[in-house]
Amino acid sequence: MADPLLEVRDLRTYFHTFGGVVKAVDGVSFDVRQGEVVGLVGESGGGKSVVGFSILGLIDPPGRIEAGEILFAGENLAAKSEEEMRSVRGGEIAMVFQDPMTSLNPVYTVGHQMDEMLRLHTDLDRKARRARCVEMLEQVGISEAESRLDAYPHQFSGGMRQRVVIAIALLAGSRLIIADEPTTALDVTVQAQILKLMRRQIVERGAAMIMVTHDLAVISEMADRVVVLYCGKVVERGRTAEIINAPSHPYTRGLLDSIPRIAERRDRLDQIPGTVPDIRTLGKGCSFRDRCFRAQPVCAEKTPVLSPVRGSLDAACHFPLEETAP
Amino acid sequence: MTPPVLEVKDLVKAFPVGGFLDRLQVGKGSLLAPQRQLRAVNGVSLTIAPGEVFALVGESGCGKSTVAKTIARIYEPTSGEIRIDGEDVSRLPFRAMLPVRRKLQMIFQDPYASLDPRQRVRDIVMEPRLAQGGRLSRRELQDEAVALLAKVGLNAEQANRYPHQFSGGQRQRIGIARALSVRPTLIIADEPVSALDVSIQAQILNLMKDLRDEFRLSYLFVSHDLSVAHHIADRIGVMYLGFMVETASRDQLFREPKHPYTRVLLSAAPTLDKSNPGTKIEIRGEVPSALRLPSGCCFRTRCPLAFDRCAVERPALKPQADGSAVACHLHDRTDTERMIP
Ligand SMILES: Nc1ncnc2c1ncn2[C@@H]1O[C@H](COP(=O)(O)OP(=O)(O)O)[C@@H](O)[C@H]1O
Ligand SMILES: Nc1ncnc2c1ncn2[C@@H]1O[C@H](COP(=O)(O)OP(=O)(O)O)[C@@H](O)[C@H]1O
Ligand code: SF4
Ligand SMILES: [Mg+2]
Ligand SMILES: [Mg+2]
């Protein structure tokens, strides 16, 4: 199997706040290979976005990467200077956020912003660059591309802006795209178009993507592999189909069972009792134990470590679920 | 047969937009300022039976919230009828709405914004009840508030706290308790679980189902999430650009969606149960502006099946043999040659 493009090893990103240390990401490890989409899922506050920001070197005080390695094509990004990271961002690694205006500049035309990407990353002349921009806008499904190049971001709808952001990432020839809830603010018909577009571009270009989302349905359609985060830790990871069909961690199972499903309607949804604990006050033991239907006394004593369970699945649980679990 | 709890007929809501200067135009040698209107709801009809859950679905901006808020008389209807238990309330002045509010309550998507941060929870939940008049002693007030909170899974000690001391899911419970305080027959819920994480969403959906059974409530449940609508609704209405394009029982709608837009919407929604995004129906273009509705069918600018009649004639919502109703010329029974494959 090909070497991973990205290896995240025991990443720890903490925020030192007045209320205590927030261990937003606490020992997270996973890989991303070429041509692959890896999904980061879990409920809000799980640490998904902080993982993405850590890879991009976008953690500001009071936050800090305390430990761990982020190996991208063999180089440790966690050890790079801010200046070095600035050229990685928007170059080898691109980002797509929920709000496309995070990445677009309202005072420049879309064409100008696309052109800048090409000037930075290619030695094409003016005319060739313009042709390339038109071609790229068409590829992301924007019609009348030629005239749209002279429009400003505010003249586009939310879905169109997100397409432009993706077009810019593709122009830069990024090898890794980190997309944080890229379609959460969009309508389902637009979401379907954008997801299809991103998936196709990743596969065709042999790039890779980390897709951060709270939406397991989106993940199940998009990702090859899934990493489930809870309270800053990986509780389960593995191939998408295996995780969706027969998860081994009680938290993943709880998440899946709480989602209404059209194909198998139940009168009541299974609910995970309680709420996410305050991560500033987590002690030893499993962070999920107070909400877990499998918990035993040992779960409060020993912190479970991520280990192989079955098939492609790794889970951090003292009592992982069997494939045929009730 | 018991009369419907809610009957809405040809509801129209238009918002005037733009400043006077924006609208100035030169015409026939003089300055004119024609009234510009944003047509948010264009002749929506729906009926809800006692104990029934009717879900309103569609993409953002299609007018779901405006329908909900106009029925609750937060907005004045431009035209149309709104009957609650048979009584037309669409023209009732504000004060005459008071007894109607005993039957109809609303809950909102954002539990943060809809609760007064300076009031204690017990006062918040009793507010609609107190608005109905009649005096309650402090003791009665406290007891009733605690009983209501117990119904939604909150305890007596929590009655004395302030909204910021609660999580999003708990705040939604408070909003539900407040709505229940007058023992309404109809609750209008505008995206009540959309801001919540899935595990909390499941808790609230279960609670709403339990309360419906216990109090025989009807819900008008607004949601952009088809799986949620499928879970909670008995019947579903699909809106597009301010029009109701299809209404059907839940099972009918998902088994055999008829309107081309309903088909697009169902196929676009991501689910855990199919893993092939390649099977989605492609749709072109964007939703037209509610300031300039297309002629004819509202969906024709994007419809993969549009034909000449669609541009000239607006399809009415026509009842179908199976009890559903569809606003599409392909489902107009007088036009039998053309049927959707
Ligand atoms: N700038 C910050 N300062 C303090 N805490 C933060 C900051 N950014 C994130 N956090 C905390 O880190 C945790 C993980 O957040 P996040 O990665 O945004 O979660 P997710 O994306 O999974 O919803 C949360 O508890 C959040 O409150
Ligand atoms: N108070 C208002 N004033 C002017 N336009 C409004 C107002 N509320 C909603 N609209 C417009 O009415 C249309 C329908 O909006 P809304 O009912 O909020 O849709 P939905 O709830 O389906 O997302 C949109 O075009 C919206 O911009
Ligand atoms: S370790 Fe224990 S508490 Fe944690 S998920 Fe597994 S069974 Fe539940
Ligand atoms: Mg996030
Ligand atoms: Mg709305």
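User: Why is Cys231(A) called buried?

Analyst: In this predicted model, Cys231(A) has a relative accessibility of 3%. The term buried applies under 20%, so Cys231(A) counts as buried.

User: Where does Cys231(A) lie, and what is the sign of its phi?

Analyst: Cys231(A) is placed in the loop between β9 (225–230) and β10 (233–239) of chain A. Its phi is positive, at about 50°, although Cys231(A) is not a glycine. Most residues other than glycine have a negative phi.

User: Which residue of chain B has a positive phi without being a glycine, and where is it?

Analyst: Arg183(B) is such a residue, with phi near 50°. Arg183(B) belongs to the loop between α5 (168–180) and β9 (186–190) of chain B.

User: What makes the peptide bond from Pro61(A) to Pro62(A) cis?

Analyst: The omega of that bond is near 5°, and the bond is cis. Most peptide bonds are trans. Pro62(A) sits in the loop between α1 (48–55) and β4 (63–72) of chain A.

User: How many disulfides does the structure hold?

Analyst: Over all chains the count is zero. A disulfide is a covalent bond between the sulfur atoms of two cysteines. The criterion requires a pair of cysteine sulfur atoms within 2.5 Å.

User: Are Cys286(A) and Cys299(A) buried or exposed?

Analyst: The limit for buried is under 20% relative accessible area. Cys286(A) has 14% relative accessibility and therefore counts as buried. Cys299(A), at 7%, counts as buried too.

User: Why is Gly274(A) given a class between buried and exposed?

Analyst: Buried requires a value under 20% and exposed a value over 50%. Gly274(A) has a relative accessible area of 42%, so it is partly exposed.

User: What surrounds Gly274(A), and where in chain A is it found?

Analyst: Gly274(A) is found in the loop between α10 (250–257) and α11 (298–301) of chain A. Apart from its neighbours within four places in sequence, it is in contact with Arg291(A), Ile200(B) and Gln203(B). Arg291(A) is 17 residues away along the chain, and the two C-alpha atoms are separated by 6.0 Å.

User: What makes Gln191(A) a buried residue, and which residue of chain B does it touch?

Analyst: With a relative accessibility of 6%, set against the limit of under 20%, Gln191(A) counts as buried. Its place is in helix α7 (residues 188–205) of chain A. Not counting residues up to four places away in sequence, Gln191(A) touches Pro270(B) as well as Thr183(A), Leu186(A) and Val218(A).

User: Why is Ala223(A) described as buried, and which residues are in contact with it?

Analyst: Its relative accessible area is 10%, and buried means under 20%, so Ala223(A) is buried. Ala223(A) has its place in the loop between α8 (216–222) and β9 of chain A. Leaving aside neighbours within four places in sequence, its contacts are Val37(A), Val38(A), Gly39(A), Arg199(A) and Thr240(A). The C-alpha atom of Leu40(A), 183 residues apart from Ala223(A) along the chain, is separated from that of Ala223(A) by 9.2 Å.

User: How do you know that chain A is as compact as a globular protein of its length?

Analyst: Chain A comes to eleven helices and twelve strands. Its radius of gyration is 21 Å, and the globule rule gives 20 Å for 326 residues; the two values are close, so chain A is as compact as a globular protein of that length. Of the 326 residues, 51% count as buried. Among contacts with a separation of 6 or more, 64% involve residues 24 or more positions apart.

User: What does the radius of gyration of chain B agree with?

Analyst: Chain B has ten helices and 14 strands. A compact globule of 341 residues would have a radius of gyration near 20 Å, and the 22 Å of chain B agrees with this. Buried residues make up 52% of chain B. Its C-alpha atoms fill a box of roughly 70 × 60 × 40 Å along the principal axes.

User: How many positive and negative side chains does chain A have, and how far apart are the centres of the two sets?

Analyst: Chain A has 39 positive and 44 negative side chains, with centres 2 Å apart. In chain B, the mean positions of 47 positive and 38 negative charges are 4 Å apart.

Note on methods
Residues numbered from 1 in each chain as written. Chains lettered and ligands numbered in written order. Predicted model: local features only at pLDDT ≥ 70, side-chain atom pairs only at ≥ 80, totals over all residues. Heavy atoms only, no water. Helix = DSSP H or I, 4+ residues; strand = E, 2+ residues; numbered from the N terminus. Rg over C-alpha atoms; globule rule 2.2 N^0.38 Å. Buried < 20%, exposed > 50% of the residue type's maximum accessible area, 1.4 Å probe, protein only. Contact = heavy atoms within 4.5 Å. Lys, Arg positive; Asp, Glu negative; His and termini not counted. Charge placed at Lys NZ, Arg CZ, Asp CG, Glu CD.
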